[in-house]
Amino acid sequence: MNPIILFLHFHKCAGTSINNAFKNFSKYPININGNPFKTDNEILQFWNYNSLDFENFKKSLIENNIQFIALEWNFFKNYNSINLSNIELITIMRDPYKRYISNMLFDKSYVMRSYEKKKIKHYNNFFLNYNKFNYYTKMLSGLGNDLDTKITIKHLNDAKKNLEKFSIIIILEISETFNLLNKYNIYNVEKKNITDKKNQNKLIIDKKFFIEQNQFDYILYNYAIKLSKRQLSAFKNLKQT
């Protein structure tokens, strides 16, 4: 039995392109961009599940021959207790600053410091933190819906450990890493960029300030590059055998 592919979708990191690349894979009956929905308007918040609930969810996926699901709004809150057997984790990451600018333009919010202070809610009434600093670290430590917890080195270490669970980590800036998707017979992924570039001159930004405030994310991003290159090397070696 092939594992279920679970795609952790970080905002403005070509996630829609990855979802589209898996168009021939069986997905949840009701889904938006690969995210499972209970009804047309209610997302299935499976990232909040405890170990038993997740086992039951996984069993239903297997019984219904679901091959691919997306996880866009958080990583698992109970990542230390849930069983990820029969699950293959994949993701794509991007330079933190480029991702953030892309998100500002997409949301038409042009002042960095005021954008970071916004409290953004999903229409299913949970908070989102893609506009918050150290977004990657928060997501990968299960704090994707938490606006208040102050990130520490422990969260970074937990995020790194969780990132190590991923079979495939694509780096948007390193095109060769997309070859990792060849494993699924996926080639030449079309990367669409719908960022509103014409409004870039409206941005009030401070890159130095951003880097200072996102130290954990830069450490995590560089670690992701290291892991991705290691995966790519192993994949090349496997193809040669």
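This is a short tour of a four-stranded sheet and the helices packed against it.

The model is predicted, so local features need pLDDT of at least 70 and side-chain atom pairs count only at pLDDT 80 or more, while totals for chains, interfaces and linings use all residues. Residues are numbered from 1 along each chain as its sequence is written, and side-chain values use heavy atoms, with hydrogens and water left out. Helices (H or I, at least four residues) and strands (E, at least two) are DSSP runs, numbered from the N terminus.

**Stop 1: strand β1**

Select residues 4–8. Five of the five residues of this strand, β1, are buried (under 20% relative accessible area, 1.4 Å probe, protein chains only), so β1 is largely enclosed by the rest of the structure. I4, L6 and L8 lie on one side and I5 and F7 on the other; both faces are covered.

**Stop 2: the partners of β1**

Add residues 87–93, strand β5, which runs parallel to β1 and is joined to it by five bridges. I4 has I87 as its bridge partner in β5. Next add residues 68–71, strand β4, which pairs with β1 in the parallel sense over four bridges. Here L6 stands opposite I69, and L8 has L71 as its bridge partner.

**Stop 3: the whole sheet**

Add β8 (168–171). The open sheet has four strands in the order β4-β1-β5-β8, with parallel pairing; two strands count as paired if DSSP finds at least two bridges between them. β4 and β8 are at the edges with a single partner strand each, so one side of each has no neighbour in the sheet. From one strand to the next the twist averages 20 degrees.

**Stop 4: helices on the sheet**

Show residues 51–63, helix α2, which packs on the sheet and touches β1, β4 and β5 (contact means heavy atoms within 4.5 Å). The direction of α2 makes about 120 degrees with that of β1; angles run from 0 to 180 degrees between N-to-C directions, with axes fitted to C-alpha atoms, for helices over the stretch in contact. Helix α8 also packs on the sheet, touching β5 and β8, and its direction makes about 115 degrees with that of β8.

**Stop 5: α6 against α8**

Select residues 153–163 (α6) and 215–240 (α8): the two helices pack at an angle of about 20 degrees, with axes 10 Å apart. That makes α6 roughly parallel to α8 (angles under 35 degrees). Show side chains for I153, L156, A159, K160 and L163 in α6, which meet F216, I219, L220, Y223, A224 and L227 in α8. The residues of this contact divide into ten nonpolar, no polar and one charged.

Definitions and conventions. Angles under 35 degrees count as roughly parallel, over 145 as roughly antiparallel, 65 to 115 as roughly perpendicular and the rest as oblique. Ala, Val, Leu, Ile, Met, Phe, Trp, Tyr, Cys and Pro count as nonpolar, Asp, Glu, Lys and Arg as charged, and the others, Gly among them, as polar. Buried means under 20% relative accessible area, exposed over 50%, partly exposed in between (1.4 Å probe, protein chains only).
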